[in-house]
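Visitor: Hi! I'm new to reading protein models, could you walk me through this one?
Guide: Happy to. Let's bring it up on the screen.
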Amino acid sequence: MKTKILQEDLIYEILSAVEEIPEGKVATYGQIARLTGREKNARLVGKVLSMAQYYGSYPCHRVVNHAGRLAPGWAEQRFLLEAEGVAVKDNNSVDLKKYQWNC
DNA sequence: GGTGTGACTTTAT
DNA sequence: GATAAAGCCACAC
């Protein structure tokens, strides 16, 4: 992490937390938000995370919502998760019980 | 500098 | 189990 493309520390922390998610695991937005220091920032994480790709290449595909559902309108996320060994259901959701990141 | 907005979460019905 | 509503906060425009 040397290239400081981000001007906002919040985004930087969010992306850092996302990068800590091990392969084959997923984390919820709320969890990321909690790691960043704000439990209520879950919505921010989602929005900011979407832009995260614009800021740089981050494994935002490992982040899902509390129901384990993937981002709507983002079919590629499913493919990326499956590539890491995460079983994605037909309804674009994952088993949080098995794949949720143990923080 | 104010407004709209969202890839969420939780609680309540 | 599903649906509804409220809360929440920083980013983009």
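Guide: First a term: helices (H or I, at least four residues) and strands (E, at least two) are DSSP runs, numbered from the N terminus. With that, the elements of chain A run α-β-α-α-β-α-α from the N terminus on. This is a predicted model, where local features need pLDDT of at least 70 and side-chain atom pairs count only at pLDDT 80 or more, while totals for chains, interfaces and linings use all residues. Residues are numbered from 1 along each chain as its sequence is written, chains are lettered from A and ligands numbered from 1 in the order in which they are written, and side-chain values use heavy atoms, with hydrogens and water left out.

Visitor: How many helices and strands does chain A have?
Guide: Five helices and two strands.

Visitor: And what does chain A span along its principal axes?
Guide: The C-alpha trace spans about 40 × 25 × 25 Å. The radius of gyration, taken over C-alpha atoms, is 13 Å in chain A, which agrees with the value near 13 Å for a compact globule of 103 residues. That globule rule is 2.2 Å times the number of residues to the power 0.38.

Visitor: What share of the residues counts as buried?
Guide: Of the 103 residues of chain A, 39% do. Buried means under 20% relative accessible area, exposed over 50%, and partly exposed in between (1.4 Å probe, protein chains only).

Visitor: New topic, pockets! How much space lies in the largest one?
Guide: About 250 Å³. On a 1 Å grid over the protein atoms alone, a pocket is an open set of points where a 1.4 Å probe fits, with protein on both sides within 12 Å along at least five of seven lines; lining residues have an atom within 4 Å of a point. Grid points are joined across faces, edges and corners, and the volume is the space filled by probe spheres set on the points.

Visitor: Which residues lie nearest its centre?
Guide: Tyr29, Gly46, Ser50, Ala71 and Pro72, out of 14 that line the pocket. Helix H3 (42-55) is one of the elements that supply at least two lining residues, and H3 gives the largest share, five residues.

Visitor: Let's try single residues. Is Gln77 buried or exposed?
Guide: Gln77 is buried, because its relative accessible area is 0%. Gln77 is found in helix H4. Leaving aside neighbours within four places in sequence, Gln77 is in contact (heavy atoms within 4.5 Å) with Cys60, His61, Val63, Val64, Leu70 and Ala71.

Visitor: Where is Arg69 found?
Guide: In the loop between strand S2 (63-64) and H4. Arg69 is partly exposed, with a relative accessible area of 37%. Again leaving aside neighbours within four places in sequence, Arg69 is in contact with Val64, Asn91, Asn92 and Ser93.

Visitor: You just mentioned Asn92. What is its phi near?
Guide: Phi of Asn92 is near 60°, a positive value in a residue other than glycine. Most residues other than glycine have a negative phi. Asn92 sits in the loop between helix H4 (75-83) and helix H5 (96-99), and Asn92 counts as partly exposed at 28% relative accessibility.

Visitor: Last one: where is the place of Asn41?
Guide: In the loop between H2 and H3. Asn41 counts as buried, at 14% relative accessibility. Beyond its neighbours within four places in sequence, Asn41 is in contact with Leu10 and Ala33. The C-alpha atoms of Arg69 and Asn41 are separated by 18 Å, with their positions 28 residues apart along the chain.
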